[in-house]
Protein chains: 2
Amino acid sequence: MTKLRIGNKALIKDMNRSVVINTIRKVGPLSRTDISTQTGLGLSTITKIVEELKNSRLVFETGAANSTGGRRPILLEFNKQYAYAVGVKIMKDHLVLALTDLDATIIHSLEVPFHPTDSPTEIIQLIIHTIEQLLSKQQVKIDQVEGIGVAVSGLVDSKKGLVVRSPLLGWEDVALSKPIQDVFQKPVFIDNDVNAYTYAEVEKGHGLHQNNFICVSIGDGIGMSIVIDRKLYSGEFGGAGEFGHTIIQVDGRSCHCGQEGCLEMYASTIALEQESTVLFRSYPNSILLNKKLTFDSVYDAALAGDEMAIVLFDKLGYYLGIGLINAINSFNPGTIVLIGEGMIAQEYFLPTAITKAKKNFFYHDRYETKVLISRLGNDAWVKGAAILAINQLFQPPIYESTPSLLS
Amino acid sequence: MTKLRIGNKALIKDMNRSVVINTIRKVGPLSRTDISTQTGLGLSTITKIVEELKNSRLVFETGAANSTGGRRPILLEFNKQYAYAVGVKIMKDHLVLALTDLDATIIHSLEVPFHPTDSPTEIIQLIIHTIEQLLSKQQVKIDQVEGIGVAVSGLVDSKKGLVVRSPLLGWEDVALSKPIQDVFQKPVFIDNDVNAYTYAEVEKGHGLHQNNFICVSIGDGIGMSIVIDRKLYSGEFGGAGEFGHTIIQVDGRSCHCGQEGCLEMYASTIALEQESTVLFRSYPNSILLNKKLTFDSVYDAALAGDEMAIVLFDKLGYYLGIGLINAINSFNPGTIVLIGEGMIAQEYFLPTAITKAKKNFFYHDRYETKVLISRLGNDAWVKGAAILAINQLFQPPIYESTPSLLS
DNA sequence: AACTTTCTTTCTTCAGTGAAGCAAGTTATT
DNA sequence: AATAACTTGCTTCACTGAAGAAAGAAAGTT
């Protein structure tokens, strides 16, 4: 278990430095007095800590604000350019990389295609090479990079830095962190792609107003992540949130995972295919006939007024609603945030899903789980990957062996 | 959100006192040197803190152990009798109360029946009256009681001290904590009964070796609790773990909760009734005919060789296995602990359930979720209730406004 | 007598605190 | 305008009290 540090002067100092810098980082330009009242620390303490933070360039003074009847406050701001982070997302046939500042703002990003047949080793080499390219193009030295975050779809053991299994990439037991870490000598963090997105949601999205929520991703598969008190819960070996493989139908449709009746078979891209085989009988004239069914293609058909497309989404919405009920009844989250490519067609399936989901166990009780849609853009995946690396720098240093900028 | 305290001398002292007392409490008789090496605190610090703890009677010296070649160590032990706690479990038609020491060992317990038609107010008065009786019988003054914990089945908002809904008792929105607290002027903690049992499991059961697990209770209904890093996760308003009402069959059997296809309809006492209506056609000679079906009665029938009883448990096991799969795939716990009255018949349904549950999403990956059976006795419910009250006394005081013995 | 282990005492270190005071503005009064 | 009085922001410094280190006392064993 993560063990608490014992109390000594080093702990006091680490904690207070952490509080001060995180206050400045999150609440933005602040005067020393503001920080003092917000944190509860004495003014003299703030003065001393700010002095140090200024010397290490983590914080800088950014002129004086207007007076409110006395001496004008000197505003302090977090130096986002103190260092950089790199985010990587591994997709089916290409990589997305981004260089960000410490606020996770993307400075420059690159996309590099690869062949689906490329081996893990080749792809890892491609990642390393592209990071080098990204850095040299932006004239950033590796010493200025505080960490590298990588997002991969599939089952990821982030503690061990291992991709246990990724059906999308055809990977099994790939040690992803180590080779990258060996080259750059910088901390490398890997996680599941939905988890990475969720970090972005925590820091930049709905997490700004919610401390407990779950993210459900709808796309090729169904993913989930669990946020408790702003922290992600990963399960014993990173598999929490294999929600797509919870069973909603005893002895139902066979899933590629070996089970029967998985939610993923009823409310993802795969579900569109599955459901359509039956539906084509009733809708022989559907323009979807002989087309590859994806959220995009079915959405286009629905927009064009194709009845079968509309029915298809409606069915998907019903099953998704059941999935949401199960999530609500298991976790009782205050909020569910929906993400993923499937959301482009939300108008066609979400109303049905939400109507169904509202009839959950708690709906008698005035307690309602809000269902929200992520407002982050498509770059949230790679931004989240960068946040994997950034976040660890600013954790409150109360546990043993937490690395930190504030040493 | 729970906010971290700022670093100052008071924090240091609180933290270290907490570390020392919890080390003594958990690891048992220890010398000062032992504590020093275990905690990492300096010997002189330990001497000072132990001095204080001795003065406040929280710790006492219990003779000297054998020498290992030098001065004999003076063993220190936690004073379990420093104070008392009271645990209460509200059952369908009776109360169970227990007076415990600070190690949650039961000193004396009482059972008091009531009428199912009694109003919440009457039952609360009965609780208050019985606590008084329990204390006076044991000649304990209320000042010596550090807290009172109450376990109730149903949806409990423990932060607000509210029983939101308890179908078993027919309660809705009952403010349970406040009236008790008003009388005794001592902290009162309430929680769901499965959660209370889980606290006992954390402190006295499998939690001694596991930091992350879930408990699944099988009985009249199906309950669940989630333990992450030795802490219970309760959800936004205490409803996490309404696992019995996750849907395993789209449009399946109607549940009293208003949904269809809830797990509870397939793997609890209710399921036995439901399933039997069909099965009686195939087994017209079953000795279960015209009997009230409970785990007890069906178990007796199975022991007597009744085929239908055996089939009934086998079906229940299959569905339970599906429930366990859903729990495993959602939470990826290292361990599942099974509890509840249903476990008396485990030999007839568990093998089927575990066989099914093993075929979960992770079973390719050498990662296995252990399924264990709780070894705690029937008094774990009320013991857990007492632990609700005891635990808050020994929390590490790193968050703002955590009450503590060590002020 | 020499060594070990446990525990205590004394002294040192250093981070936060709070009062006093300085800095730099605004507001009211002349 | 000029001045005095007030406000707000920040800094300095003596003080407090926590852990820590070192020396040594206590109580054993070899």
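**Exercise 1. Find which backbone contact B:G69 makes with DNA strand C, and its distance.**

Solution. In this predicted model, local features need pLDDT of at least 70, side-chain atom pairs count only at pLDDT 80 or more, and totals for chains, interfaces and linings use all residues. Residues are numbered from 1 along each chain as its sequence is written, chains are lettered from A and ligands numbered from 1 in the order in which they are written, and side-chain values use heavy atoms, with hydrogens and water left out.

- Step 1. The contact is polar, that is, a pair of N or O atoms within 3.5 Å.
- Step 2. On the protein side stands a backbone N or O atom of B:G69; on the DNA side, a sugar or linking oxygen of strand C, 3.2 Å away.

**Exercise 2. Find the distances from the side chains of A:T45 and B:T47 to phosphate oxygens of DNA strand C.**

Solution.

- Step 1. For A:T45, a polar side-chain atom is 3.1 Å from a phosphate oxygen.
- Step 2. For B:T47, the distance from a side-chain N or O atom to a phosphate oxygen is 3.4 Å.

**Exercise 3. Describe the protein surface near DNA strand C.**

Solution.

- Step 1. A residue is near the strand if one of its heavy atoms lies within 4 Å of it.
- Step 2. There are 29 residues around strand C, and A:K9, A:S44, B:G70, B:R71 and B:I74 come nearest.
- Step 3. By class there are five nonpolar, 16 polar and eight charged residues. Nonpolar means Ala, Val, Leu, Ile, Met, Phe, Trp, Tyr, Cys and Pro; charged means Asp, Glu, Lys and Arg; the others, Gly among them, are polar.
- Step 4. At least two residues each come from α1 (9-27) and α3 (43-55) of chain A, and from α2 (32-39) and α3 (43-55) of chain B. Helices are DSSP runs (H or I, at least four residues), numbered from the N terminus.
- Step 5. The largest share, four residues, belongs to α1(A).
- Step 6. Of the strand C atoms within 4 Å of the protein, 69% are in sugar or phosphate and the rest in bases.

**Exercise 4. State which residues line the largest cavity.**

Solution.

- Step 1. A cavity is a set of points on a 1 Å grid over the protein atoms alone where a 1.4 Å probe fits but cannot get out; lining residues have an atom within 4 Å of a point.
- Step 2. The lining consists of A:F243, A:T246, A:N326, A:S330, B:F243, B:T246, B:N326 and B:S330.
- Step 3. Two or more of these residues come from each of α9 (307-331) of chain A and α9 (307-331) of chain B.
- Step 4. The lining has two nonpolar, six polar and no charged residues.

Methods
Polar contact = N/O pair within 3.5 Å; in protein donor to acceptor, adjacent residues only side chain to side chain. 1 Å grid on protein atoms, 1.4 Å probe; cavity = no way out; pocket = protein on both sides within 12 Å on 5 of 7 lines; lining within 4 Å.
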